[in-house]
Amino acid sequence: MNGPVIGVIGWIVGAAVWFWWLRRYDRFEPEPLRSLLLVGILGGFASGELAGLGNHLAALALGIAPGFEGFLSAEEGLPTGQALAMAMFVGFNEEILKAVAAVTCTRFFGSVDEPVDAILYSMITALGFAVAENIGYALAFGADTLLPRYLMPTPLHVVLALIWGNAWARGRFLEPRRPLGLVMAPAVCVASLLHGAWDYAHFARSAAGILLGLVGLVTLAIWAHATKRAIAMESPFVKPGVCPGCATVNVAEARYCGGCGRSFSGRYFVQCTGCRCRMPARAAFCPLCGVARA
């Protein structure tokens, strides 16, 4: 089996594993596979192509010849000033484009009807971006680059998307009257700065910085898992009395789960005292029965 064939198989398997890991959190009202694929492919590849063009032009503007792709194949790192400027540009360029692509494509091809959906579409778009980027690296530097990229840069893209995806969910369900861009902007900036810090360590070829980045990536991945799992449990589609955490069936009037002790009121949804459905936490009255929030 030749190198290109192994590379294609590795690309498919790597993308499929990450896609499975992301989708498994969407438990109560799963998004259609078609919607996820369309947002991930169109949003990810569009933002990836635009980001690649922007990165290349920025590298030329900073005097990094023969451009961004050429620098990546070099053994020596950039001077501190160039490395910092390039890293910060790449961080903001890529995170902003991914966020815009995720929100825009989801409006056409998906729907955000529970908080986890915003998280899911954000991370799926980031996965599509990483897949497009990995294809470019494989074409430029060979199929051997795919495995290390699926182990490090790909999870970086995915977990950073959770930062602004979380803000997207907050804007959609907790602050719907504020412009979504304003709600998401601080989170996008945080993700961009973390992305830039990771890239700076690699652009400057700093061994200590790369080691610190790996520790940070593992920490972010653990946080991402816990955060995504917690948000996935907050859904308006869970039946009254059923615990989203352990699936114990309680009486409809229960305020806490008899199996695990979890409260049925969360950050995004609280339990209506009238019909016992899950009503938006921001609502003063239940949209189903009209009872005032307790």
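The following questions and answers concern salt bridges, exposure and one helix in a predicted model.

Q: What makes the contact between Lys-98 and Glu-95 a salt bridge?
A: The N to O distance between these side chains is 2.9 Å. A salt bridge requires a Lys or Arg side-chain nitrogen within 4 Å of a carboxyl oxygen of Asp or Glu, so the pair qualifies. Lys-98 and Glu-95 both lie in helix α4, three residues apart, about one turn of the helix. Both residues are buried.

Q: Why is Arg-170 called partly exposed?
A: Its relative accessible area is 23%. Partly exposed covers the range between under 20%, which is buried, and over 50%, which is exposed; Arg-170 therefore counts as partly exposed.

Q: Why is Arg-178 also placed in the class partly exposed?
A: Arg-178 has 40% relative accessibility, and this value lies between the cut-offs of 20% and 50%, so the residue is partly exposed.

Q: What makes Arg-170, Glu-175 and Arg-178 one network?
A: Arg-170 forms a salt bridge with Glu-175, with the closest N and O atoms 3.2 Å apart. Glu-175 also meets Arg-178 in a salt bridge, at 2.8 Å from N to O. Salt bridges that share partners thus join Arg-170, Glu-175 and Arg-178.

Q: How do you know that the span of helix α8 is close to the expected one?
A: Helix α8 has 24 residues, and at 1.5 Å a residue the expected span is 34 Å. From its first C-alpha to its last, α8 reaches 33 Å, which is close to that value. The helix nevertheless bends by about 30 degrees at Pro-186.

Terms used:
Residues are numbered from 1 along each chain as its sequence is written. This is a predicted model: local features need pLDDT of at least 70, side-chain atom pairs count only at pLDDT 80 or more; totals for chains, interfaces and linings use all residues. Side-chain values use heavy atoms; hydrogens and water are left out. Helices (H or I, at least four residues) and strands (E, at least two) are DSSP runs, numbered from the N terminus. The expected span of a helix is 1.5 Å times one less than its number of residues. The bend at a residue is the angle between axes fitted to the seven residues ending there and the seven starting there. Buried means under 20% relative accessible area, exposed over 50%, partly exposed in between (1.4 Å probe, protein chains only).
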